Amino acid sequence: TPLKSEEAIRSAVKNLVEEVHVVDVHTHLFPPNHGKLMLWGIDELLTYHYLVAEYFITAPATITPEKFFALEKQAQADLVWDSLFIQRSPISEACRGVITTLTELGLGELVERRDLDGVRKWFAKQTPEGYVDKVFELAKIKYVLTTNIPFEKKETVHWYPKTKEFDTNRFHTGLRVDQLLTGNWESIKEALDEMGIEHTIEGVKKLLEKWITIIKPKYFMAAVPPTLEFPSDEEMSTYAPSTINSATLLRRVLLPLAEQHHLPIAFKFDSVRPINPALREGGDGVVTTKVSTLQKLCLNYPKVKFLATFLARVNQHELCVLANKFGNLHIYGCWWYCNNPSIVEEITRIRVELLGTAFTSQHSDARVLDQLIYKWKHSKAVIGGVLQDMYVKLFHAGWSLTREEIQRDVERLFGGAYEEFMEK
Ligand code: REL
Ligand code: ZN
């Protein structure tokens with residue numbers, strides 16, 4: 001039965017978005033059996049690199065990043081808590097996220113009393129396994145995609161030579177290959193040596209094929225360095241087949257492998273790493289790169305599927321137009337510096353206006369398990385608001401709507417469209 005009024009539509013959309021279970025298409029999470037790689041709890045939340053960067057804007061000159069990072073995690077968290085939550089109100093998006101998370105976990109009274117020790121005591125009683133269940137339930141997560149780097153020893157020991165069991169119902173893997181595009185030959189060489197593979201272009205291909213069989217990824221993922229442009233045929237013909245650089249690793253390794261193994265490539269554009277190295281993970285910046293690099297990829301590789309997200313706000317409009325032209329391109333999420341309510345709202349509006357429901361509205365990028373709670377709650381509030389407006393406009397244009405029809409669309413925007421794209 002069609003919804004009869006503007007109010008009925010608004011309340012149906014609000015409720016459906018709140019209740020939908022999401023596919024989180026990009027995170028940096030690990031399951032409990034990956035030991036220390038699984039980050040969770042209050043001290044990890046407080047030392048998330050967004051908060052550390054914010055802390056350093058006003059930190060006393062005596063606390064240099066070097067001194068800060070030399071401290072125990074808990075001492076780092078104490079400094080951040082005192083500076084960003086006690087000395088001033090936690091009004092930024094990253095700070096508010098901590099508060100939303102604790103409140104949703106039922107720790108509102110401890111927050112009210114600013115009782116950090118009490119919060120720590122509560123976390124000390126959780127187990128990693130039980131906590132994963134709790135967070136997935138609270139955040140309403142179907143499954144997440146993880147970031148698995150074959151060039152990072154601390155990660156690969158969990159897979160090779162002996163592979164640990166992976167909770168593949170809730171954690172789907174993604175093979176992260178930034179090193180190919182940055183031409184980071186040193187770390188590629190180490191990974192080749194580890195498996196006794198020769199140092200050639202063919203060797204790099206073999207290495208990645210081994211990792212495909214080991215971790216069974218759903219896609220390749222890479223951040224595209226701002227200087228990388230799509231190498232033309234002419235340029236490629238000037239390289240000997242054995243030349244190893246980012247252009248040849250892209251065109252002779254990554255793209256052919258994606259095609260042969262039917263693995264989409266998820267690209268991330270517009271980050272520069274780092275603009276302030278002292279801040280470590282928090283030191284990366286944003287630049288505007290050429291969207292036409294992606295256009296060339298889509299055009300020249302019609303058999304390869306590309307997922308893409310851009311960090312620069314100014315590129316979002318051009319990206320939407322591109323996604324409107326290429327069936328082998330799927331936009332996902334509002335990344336990092338775009339994951340702020342004001343920008344999520346603007347980006348979501350323009351995406352719906354140009355693409356309907358053929359995109360993935362958000363990913364969390366969570367590094368700390370608990371962040372799933374606030375990242376999804378905050379995003380859903382904004383995206384839900386935009387969708388309410390869109391459906392109301394459609395209703396006034398003369399289209400009747402049922403709850404089931406809206407539910408179908410909402411499911412697409414929070415994971416269904418991704419799954420359809422991956423299957424096509
Ligand atoms: O996957 C990436 O390249 C980035 O999203 C991360 O490096 C970044 O630190 C992330 O946590 C930001 O949200
Ligand atoms: Zn990420």
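## Ligand 1 and the two domains

Domain bounds, as used here, come from an automatic or database domain assignment. In this predicted model, domain 1 (42–125) and domain 2 (146–331) both contribute residues to the shell around ligand 1, which means that the ligand lies between them. The space that ligand 1 takes is the largest pocket.

## The shell and its polar contacts

The residues that surround ligand 1 are His-26, His-28, Tyr-48, His-49, Tyr-50, Arg-176, Lys-268, Arg-273, Trp-335, Trp-336, Asp-365 and Arg-367. Sorted by class, this shell comprises four nonpolar, three polar and five charged residues.

Three members of the shell place polar side-chain atoms at short listed distances from oxygen atoms of the ligand, and they are described in turn. For His-49, a polar side-chain atom lies 2.7 Å from an oxygen atom of ligand 1, while for Arg-273 the corresponding distance from a polar side-chain atom to a ligand oxygen atom is 3.1 Å. In the case of Arg-367, an N or O atom of the side chain is 2.8 Å from an oxygen atom of ligand 1. On its own, ligand 1 has 330 Å² of accessible area, and the protein covers 96% of this.

## Backbone geometry in the loops

Most residues other than glycine have a negative phi, and most peptide bonds are trans. Against that background, the peptide bond that joins Tyr-160 and Pro-161 is cis, with omega at about 5°, and Pro-161 is found in the loop between helix H10 (153–156) and strand E3 (171–172).

Arg-273, which belongs to the shell around ligand 1, is also joined to Pro-274 by a cis peptide bond, whose omega is near -25°. Pro-274 itself is placed in the loop between strand E7 (271–272) and strand E8 (285–286).

His-262, a residue other than glycine, has a positive phi, near 50°, and its place is in the loop that runs between helix H15 (246–260) and strand E6 (265–269).

Key:
Residues numbered from 1 in each chain as written. Chains lettered and ligands numbered in written order. Predicted model: local features only at pLDDT ≥ 70, side-chain atom pairs only at ≥ 80, totals over all residues. Heavy atoms only, no water. Near = heavy atom within 4 Å. Polar contact = N/O pair within 3.5 Å; in protein donor to acceptor, adjacent residues only side chain to side chain. Areas by Shrake-Rupley, 256 points an atom, 1.4 Å probe, with all protein chains shown as cover. 1 Å grid on protein atoms, 1.4 Å probe; cavity = no way out; pocket = protein on both sides within 12 Å on 5 of 7 lines; lining within 4 Å. Sits in = over half its atoms within 2 Å of the grid points. Nonpolar A, V, L, I, M, F, W, Y, C, P; charged D, E, K, R; others polar. Helix = DSSP H or I, 4+ residues; strand = E, 2+ residues; numbered from the N terminus.
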